[in-house]
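Grab a coffee and work through these exercises with the model open beside you. Try each task before you read its solution.

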Amino acid sequence: MSAARTLRPNLFALLIILAVFVLLGIDRFAEIPTVRPFAVMIYEWAMLLSAFALLLGAVNVAWVHVRRIVAGDAGWLHSLLLIIAFVVVLATGLFSTTGVRSPLVEMLFDTIIAPGQATIFAMLAFFMAAAAYRYLRVGRTGGLWLLAGVLLVFAVQMPIANATLSLSIGNFVNWLVDVPAMAALRGALLGSGFALLLVAIRFLLTNR
Amino acid sequence: MYWNRSAADIAAAWQAEIESKLEIGATALLLAGAPESMLGSAATLLALQQSTLLRNDVATPLLVAGGNSAVWLALLMSPQPTGAPHAPMPTLIFGGADEATYLAMTGLSTSLTASRATYLGFQNTTPLEMGRTLTPRLEPGIATSWEMLPLVEVGEHPIPAQPFAAAGTPAPADPTGEWIGWGMMLFALCLVLSALLI
């Protein structure tokens, strides 16, 4: 059944993307002054679109959870709490003369959103410890290299070891981090960027 | 970010989730992550296309997608297949711009998290929304950041191989998979060599 299905590429969207791609490419590489204002305008549109997407996202979330409450689905109480919080924050920001700088909005951000984000980031230490436990082993494939690299970087970073080690070792480790490791990292980032670009092109051509 | 984050892998993971939830009569929850850049969503967009082409079920899963860009809206504009009856499109829910909001929204978006946590290999004591941070490679649909290290052994295949075969439809061959990987390896090697020699 699925073999008979086809996806039709949106030619209008493809034309727009092609025009924007060419325009920004000319602006980046040819540096023609007359093209610059159009390129800046497109960048501004992109920022505007991101802001609009955020607003639309808030409406989307509210709509989904209002429907859940009305239908009485499982977990509707959580949805109700979400809607109440949504309305409180929105009303506070809208009706306060200081807008998002109003004390209540700032208090909500400082006591709820910021601790949540900090908690997620603080888990990084546990991830690192768990990853070190699993991967920094000589018996594993490549584990010796990882272990050697980590020990070298640690040795240079620790004040006691730094005082006892010679300057040449510190310079060597810094060179390792700045040159080969950074090159590999940038290579991985560029490589994944190119691969994702290819995926995006396949998406636009509807996987054909 | 991870080796299994290709469009086919994401679609396969989604299909496995849809089929497992269909069996227990629950709503499937598909996770698209909250990538920081627009380019990070490309694989998810392509995966939705592939999933739309291959699905034969009658489920309407929830698709949670966030991020600080407008790319999540593109998931609403996936082209509809023509020529044969097709499965309903997922209901898209915005997952928030940041990681913490996304995790909270993931937890809110389904009321049957325990069954999914069991599917992911955890006991019911592990909340669904934390599963992705503990084992990000089990959720190929999520573009994780560098600091979320894969806590699954290298070479392990947590996702069932070829889940589309169960539905009677072969998974699409990806002829670009091999040469992209080798090309990027060569590219990274050239960068390392150039840093050493130049």
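**Exercise 1.** In which helix of chain B is Cys190(B) found? Work out how exposed Cys190(B) is, too.

*Solution.* A quick word on ground rules: this is a predicted model, where local features need pLDDT of at least 70, side-chain atom pairs count only at pLDDT 80 or more, and totals for chains, interfaces and linings use all residues. Residues are numbered from 1 along each chain as its sequence is written, chains are lettered from A and ligands numbered from 1 in the order in which they are written, and side-chain values use heavy atoms, leaving out hydrogens and water.

Step 1: find the helix. Cys190(B) sits in helix H7, residues 176-197 of chain B. Helices (H or I, at least four residues) and strands (E, at least two) are DSSP runs, numbered from the N terminus.

Step 2: check the exposure. Buried means under 20% relative accessible area, exposed over 50%, and partly exposed in between (1.4 Å probe, protein chains only). Cys190(B) has a relative accessible area of 43%, so it's partly exposed.

Step 3: take a distance. From Cys190(B) to Gly67(B) it's 33 Å, C-alpha to C-alpha, with their positions 123 residues apart in sequence.

**Exercise 2.** Describe how the strands of chain B are put together.

*Solution.* Step 1: list the elements. Chain B has seven helices and four strands, and they follow the pattern α-β-α-β-α-β-β-α-α-α-α along the sequence.

Step 2: order the sheet. Three strands make an open, parallel sheet, E1-E2-E4 of chain B; two strands pair if DSSP finds at least two bridges between them. At the edges are E1 (29-33) and E4 (91-94) of chain B, each pairing on one side only.

Step 3: zoom in on one pair. E1(B) is joined by four bridges to strand E2 (residues 62-65) of chain B. Across from Leu30(B) you'll find Leu63(B) in E2(B).

**Exercise 3.** Which residues have the most contacts inside the largest nonpolar core?

*Solution.* Step 1: define the core. It's a set of buried Ala, Val, Leu, Ile, Met, Phe, Trp, Tyr and Cys residues joined through side-chain atoms within 4.5 Å.

Step 2: name the residues. The largest such core has 43 residues, and Trp14(B), Leu63(B), Trp72(B) and Leu75(B) have the most contacts inside it. Helix H2 (residues 42-54) of chain B gives the most to this core: six residues.

Step 3: follow one of them. Leaving aside residues up to four places away in sequence, Trp72(B) touches (heavy atoms within 4.5 Å) several residues, including Ala53(A), Leu56(A), Leu92(B) and Phe94(B).
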